[in-house]
Every structure is written in C-alpha cells, then in structure tokens.
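Here are my notes on the model you asked me to look over, set out as numbered points. Please read them with the structure open beside you.

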Amino acid sequence: MTDTPVRLRGALDAVPAYVAGKPPVAREGLTVYKVSSNENPYPPLPSVLDVVRDAAATMNRYPDMGVSALTDALAAHLDVPRERIATGTGSVGVLGQIMQATCDAGDEVVYAWRSFEAYPIVVALSGATSVQVPLTAEHRHDLPAMLAAITERTKVVMVCTPNNPTGPSVGHDELVGFVDAVPTDVLVVVDEAYLEFVQDDDPVRALEILRDRPNVVVLRTFSKAYGLAGLRVGYAVAHEPVAEALRKTATPFGVNTLAQVAAVASLQAADELEVRVKELVAERSRVVAGLAEAGWDVPQSGANFVWFPVGERTPELVAACTEAGLSVRPYGTDGVRVTIGETEANDRLLQVARDFRA
C-alpha cells in the first residue's frame, strides 16, 4: 500500500482479505461451472422475477428504510413478534451490525476455525480480537473447547451450523447445553445460512432455543436456498433490546427495494422453493454416495456443498477440478469446498474425485 499522511485505523492492519469464489475460466468446447460460492444453481422463480421487474421501475426512489413489508412477512412466517426482526445486506451485513452493537477494542469473539471466512474480517473491523477454536478431527464444532475459551473479555460467541466450509451441523441438544453454559451477558450467534438443507435426525431448533434465552441471536439469509445471492438480504431474530440495537447499526436504506420484494415473494413461494431444495439435497446425497464408493471419507454435510480435507494436496485437487471445467474454493492447505451444482457439474466432480484417488 502506498504511504499516506492520512491517519487510518490501526485495526485495519488485522483485517484479512475476503477470498471470494472465482468464476470458471472459459474453455473452448467445454461448458464450465462455478461451484465455488455455494450459489443456488437454479434460476430465480418466475413469480420472484415478476415482482423484481415491476419494482425496478421505482429504482429512482429510496427503499423503505424500515424494511416493513419483509419484517411483517418474516414475523408471520416465523411466528415471532416483528420487534424481534432485524434485516441487513445479507447475513454478513447483519453480522457486521452485531459486531458494531456489541464489541469495542479489546473485546473478544469466540468462534470455531475453520469456519465462515467473514468472521475474522467483521471481528477485526470492530476492533475486537478473534479467538479461534480448532474444529474436531471430524470437522465439527468443539463446543466444550469453545466454552473453555470464553473469558471475561468475551462479548460474542458464534456457532455456524451447518459449518461453512466443512459441512457438519451441531445437534439441538448439544447446542442447548452449550448455550445454557455460556454466561448470560455473552451473545450467542447461531448462524443458520444453510438451514434449509439440513436433514439431520436432531436438527437445531434455533428459534425454540432463542425463545427463553435473551442472549441468543439467530442469523439467516436469502442468499442460499432462496437463490437471492445477488440481491443481498438477510436477517436476524433476537430479543427486542438486541434487535433494536441491530436496527440502529444497520446501513440506512441498506436493503434495497428489489431485495425486499424478492424476499417477500420468495416466502410466498415456499412450496416451489421446497421442491428445489429437495432436489439439491438429493444431488448432495448422490454425490456423497459416489465419493464414498470411490473411497473418499468426507464429512457429513448438512449444507449445499461438500468438503474435501486434502491438506497439502489442496492445490492439486483445485488444478484437477479446473482442468475439468470446475471452479472450486480452496482454503489454504486445509482443503477444498465444492458446491452442489448442476447435475453435469456434479458428475464431473465425481469423475475428478475418482481419478484423483486412482
């Protein structure tokens, strides 16, 4: 960076760069696929597209700052008071609001690692310090170790379930036990970006956990299952004082008009979206079964991706996928995350995986 006399925040020195999933490189005679960003491969639902087209005619006007229509729709959909809803520009935006509402310089935020790439960024931007707790050998949250990492400086604990990028979910009973052991003045953020894809026997019932625990926040997004990644809209459910704080720290007019109408229309098209989710879950099961047949031992995924814990061979697997026309997401030398995409993309992934182990 070029030197400047401007006095910038020292906290910026601790902010890592967000590494987004790269688009695929065009290949002559070969259809390439982007399976690096956990996007929904299906196009928007026709009913959602219709309302977005209509709303585009009003883009010369500011959006509804209170995000009233979506707040009301979410309150009805989730059966919670509207005062417990806070919206933002994707779940990452809401996560930033949480950090601004809770953390000062010197505070600590505890979370599993490796987990969502944005966690160390939003924590560092708040001036707080990340306390990263290693995952278990099964690539799951080590909740006892996370509990032990909480100190008097801890302001927030984040639980990503299913965990991005490794895939396993936390069970309901173990999360209840964890939350009840966390000091009541520490905010527990349950990040459920991939909620709709979970098929576990004991799925987390986060809203039930939140009901009687004022230090719990449930974080969700319309980017994944709902397929609105390009419009950036997410939300949190929290008790009234926390939700009010999140609304205070939100970017004014952050949720734009197109995002709001698309999210409301998506909630109204729940049956159609459920069909798509079931198809993606079926493809995930097919891919995981194919990988097992090829000799792979991958973590159980509750999301729309699979994790290859290949360690130092990460660059090799990325290169093999690139050669096959697949853009995937490497994580240092920890492993590779691959989104469940179009059927052809999944077929190619299975072939690459078979060849890689041959």
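1. The protein chain has 12 helices and 12 strands, where helices (H or I, at least four residues) and strands (E, at least two) are DSSP runs numbered from the N terminus. The radius of gyration of the protein chain is 20 Å, close to the 21 Å that the globule rule gives for 358 residues, so the chain is as compact as a globular protein of that length; the radius is taken over C-alpha atoms, and the rule is 2.2 Å times the number of residues to the power 0.38.

2. Before going further, please keep in mind that this is a predicted model, in which local features need pLDDT of at least 70 and side-chain atom pairs count only at pLDDT 80 or more, while totals for chains, interfaces and linings use all residues. Residues are numbered from 1 along each chain as its sequence is written, and side-chain values use heavy atoms, with hydrogens and water left out.

3. For the chain as a whole, buried residues make up 51% of the 358 residues, buried meaning under 20% relative accessible area (1.4 Å probe, protein chains only). Of the contacts (heavy atoms within 4.5 Å) with a separation of 6 or more, 74% come from residues 24 or more positions apart.

4. Strand β5 (residues 154–160) is mostly covered, with six of its seven residues buried. On one hand it pairs in the parallel sense with strand β3 (residues 108–113) over four bridges, pairing requiring that DSSP finds at least two bridges between two strands; here Val109 has Val156 in β5 as its bridge partner.

5. β5 also pairs in the parallel sense with strand β6 (residues 187–191), over five bridges, and Met158 stands opposite Val189 in β6. Between β5 and β6 the chain passes through helix α6 (residues 172–181), and this β-α-β crossover is right-handed, which is to say that, with the strands pointing away from the viewer, the path from the first strand over the helix to the second runs clockwise.

6. Is Glu283, in helix α10 (residues 270–293), buried or exposed? Glu283 counts as buried because its relative accessibility is 14%. The side chains of Glu283 and Arg286 are joined by a polar contact of 2.8 Å, a term for a pair of N or O atoms within 3.5 Å, where within protein one must be able to donate a hydrogen and the other to accept it, and residues adjacent in sequence count only if both atoms are side-chain atoms. Leaving aside residues up to four places away in sequence, Glu283 touches Ile340, Thr343 and Asn346.

Definitions and conventions
Buried < 20%, exposed > 50% of the residue type's maximum accessible area, 1.4 Å probe, protein only.
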